[in-house]
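Me: I should like to work through this structure by question and answer. Please reason briefly each time and end on the value or name requested.

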Amino acid sequence: MTSQTISTTTPVDGPVGPGIPHRRARLAGRFSRRFVLTQFAGSAFALMFVIVVNFFLFRVINPHPERTLGRGKARTAEDLEEIRHRLGLDESMWVQFGKYLKQVFTGDFGVSFQYSKPVPELIGERVWPTLLLVLPATVLSIWLGSRLGSRQAWKHGGRFDRSTSVFATVMYSMPEWWLGLLLFMVFAANPVFGVFPIGGLHSPGVAPMSVEGVADTIWHLVLPTTTLTVTYLAEYSMIMRSSMLDVMGEDYLLTGRAKGLSDRQVLRRHALPNARLPLTTLIALNLAFTVGGAITIETVFSIPGLGLLTSEAMRIPDLPLLQALFLVFSAAVVVANMVANFIYALQDPRVKA
Amino acid sequence: MTTAPALPRRSSATALRWKLRREAWGRTWAKFRANRAGMVGLAVLLVFAVVAVFAPLLADSHALRVSSASGPILAPPSREYPLGTDDNGRSVLTLLIFGARVPLLVGLMATVISMVIGTIVGMASGMSDGWAGTILFRFTEWFIVIPFLPLALVLATLLGGSLLSIIVVIGITGWPATALVIRAQTFSVRERPFMERARVLGAGPWHLMSKHVFPNVLPLVFANTTLTVAGSVLAETTLSFLGFGDPTAVSWGTMLNAAFGTGAVSLGAWWALLPPGICVIAVVLAFTMAGQALEDIVNPRLEEGR
């Protein structure tokens, strides 16, 4: 009970007082209408920008998609004209833009050249493996990364700090797919140590929805998730370490110690909540790079998700599919950014929410 | 820097300015020299630069051609082939030496593009109040949200896979982070007293930008450049790993692409996987260490924190 009485007084010491009673009750009414509206409007503008960029990319930078598409097959002028007409490229730019907007808002992105399937259907099928890979890796790397970073900073200059900082810097400089290839070579393809499957998401002959099927899928995801987690973890730990070092000079930690809190209590109640703030912002910014990791790692481990779909689509090039995938990735990052802003406002009461 | 005059005896304003600048650079160099990680990074970079420039002297470029490859296929390291051979029977060491050229060239050239766009946009949005600055800032913010790799892949698909287009693709996807850094620095320069004085003396916006803001953000641009090259090298390697390099040019990324695509990795041919990967890591790490050392020196905000 003593800890309760102490924690109610903490807001005086630090900007963020964790363990405040009734915190959960305050969550619902935490955001003002103004904050919510600003956030949604900002994201809507960003989405519109993405939509325009997408049109610009596919119609303006590449004014003759019919040549890309007809590579090898359509050689005569009539063939090219036929493709132009089918894609609506013989109309004015504004008409094309109007049609494109209609496509975006009705979700009608045409048919994939490669799979002869409607693009939204294809993306709907392939989105789950990507989420299964990226979500656990993101959560794990944030959790482990912030623990590692704060521990490094708390005893900075020590042996643990020095050795793990070197590790983090090296990991940060490593292409995540190269680490993937290395793990693949040692733990999947090697006849001795290769205990993990060499790729895919399911073993043949195992029903994906049965108990064995779920275990089998998890088994398939061990190596790719480890790869992504380790590479992301490096960056998050570096951010957390420097943010923690900043916080450690603050007076409210001294106050905490002066009133008799243990080292651990000062760390958990006062240092960590404040050090986490910059991490939230940077996680949001990093999401744009997280998507890249999904593309390369799915390619290395042949996981049938959106990333593998992207690297296949660009080889063809499957333009309708590529266009939709680009929109999906960008929209995901915009939405995730907005969520991060809300979380930030929850973590930091100084933000006018 | 192009207009360095022969110094006259009497200390004219120009001569004084150059003296001050030389001293400032000298101080920066002295601080950089004291930074061990930065010096290690610089040394590693020099080694790789020498290897890339003098590649034809270090190895026989004739051995790069698939048709004239004479070695056994995917042979492990031996006396004749110190790092083994690839799936075409070419020496991995020769490929490694020539493969240094593309990542370094693309990394540097793309960084120049990113820096020019980022510095201009950052300074412009930092200097102009009102809607123009706001629009530029929002534009930067939106651009930063667009995921890098999908954008680069789409651009590379649409522009084709030549060396030049890879440079352009990485260059125009890499500028927003720089723009934000430069914008923040421009804001802090803008509030300093000498700007006020120059404005009162009748300096126009162009004069303010080129004579006062630019020299003051320049050190930060350099530090940022070094860090951006690291990112650009990684980007080049990733694009060529995914099959977007110039297929005729050898680079560490295309070597890794081949090692993956032709099954060398599955067969456990570690000599096809480790050397190019370790070189990529070494170069990226070296640029990062040198860049962080520079940033520690020139970024006033970081210096306060230490």
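Me: What percentage of the 306 residues in chain B is buried?

Reply: The model is predicted, and the values are computed from it. A residue counts as buried when its relative accessible area is under 20%. By that cut-off, the buried share of the 306 residues in chain B is 48%.

Me: How many helices and how many strands does chain B have?

Reply: From the N terminus on, the elements of chain B are written as an unbroken run of α. The C-alpha trace of chain B spans about 75 × 45 × 35 Å along its principal axes. Among contacts in chain B with a separation of 6 or more, 70% join residues 24 or more positions apart. The count for chain B is 14 helices and zero strands.

Me: Which residues of helix 4 of chain B are buried?

Reply: Helix 4 of chain B comprises residues 92-99 and is mostly covered, with seven of its eight residues buried. The cover over these buried residues includes helix 2 (36-53), helix 3 (55-58), helix 5 (101-127), helix 12 (252-261) and helix 13 (270-298) of chain B. The buried residues are B:Val92, B:Thr94, B:Leu95, B:Leu96, B:Ile97, B:Phe98 and B:Gly99.

Me: Which backbone nitrogen does a side-chain oxygen of B:Ser91 reach at the start of helix 4 of chain B?

Reply: A polar contact requires a pair of N or O atoms within 3.5 Å. The side-chain oxygen of B:Ser91 comes to within 3.3 Å of its partner at the start of helix 4. That partner is the backbone nitrogen of B:Leu93.

Me: What are the helix and strand percentages over residues 100-291 of chain B?

Reply: An unreviewed UniProt entry annotates residues 100-291 of chain B as "domain: ABC transmembrane type-1". The end C-alpha atoms of this span are 20 Å apart. Its content is 83% helix and 0% strand.

Me: What area is buried between chain B and chain A?

Reply: The contact takes 40 residues from chain B and 46 residues from chain A. In chain B, B:Trp142, B:Leu158 and B:Ile281 lose the most area to chain A, together 16% of what that side buries. Carbon and sulfur atoms give 85% of the total buried area, which is about 3,700 Å².

Me: Which helix of chain B gives the most residues to the side that touches chain A?

Reply: Between the two chains there are zero salt bridges and two residue pairs in polar contact. The elements giving two or more residues to the chain B side are helix 6 (130-145), helix 7 (148-159), helix 11 (205-241), helix 12 and helix 13. The element that gives the most, with eleven residues, is helix 13 of chain B.

Me: How many nonpolar, polar and charged residues does the side of chain B that touches chain A have?

Reply: The residues on this side are sorted by class. The result is 32 nonpolar, eight polar and no charged residues.

Me: Is A:Thr225 buried or exposed?

Reply: A:Thr225 lies in helix 10 (residues 211-248) of chain A. Leaving aside neighbours within four places in sequence, A:Thr225 is in contact with A:Leu133, A:Pro136 and A:Ala137. A polar atom of its side chain lies 2.6 Å from the backbone oxygen of A:Leu221. Because its relative accessible area is 11%, A:Thr225 is buried.

Note on methods
Residues numbered from 1 in each chain as written. Chains lettered and ligands numbered in written order. Predicted model: local features only at pLDDT ≥ 70, side-chain atom pairs only at ≥ 80, totals over all residues. Heavy atoms only, no water. Buried < 20%, exposed > 50% of the residue type's maximum accessible area, 1.4 Å probe, protein only. Helix = DSSP H or I, 4+ residues; strand = E, 2+ residues; numbered from the N terminus. Contact = heavy atoms within 4.5 Å. Polar contact = N/O pair within 3.5 Å; in protein donor to acceptor, adjacent residues only side chain to side chain. UniProt positions renumbered as here; feature names shortened; annotations may be inferred. Buried area = accessible area lost by both parts, 1.4 Å probe. Salt bridge = Lys/Arg side-chain N within 4 Å of Asp/Glu carboxyl O. Nonpolar A, V, L, I, M, F, W, Y, C, P; charged D, E, K, R; others polar.
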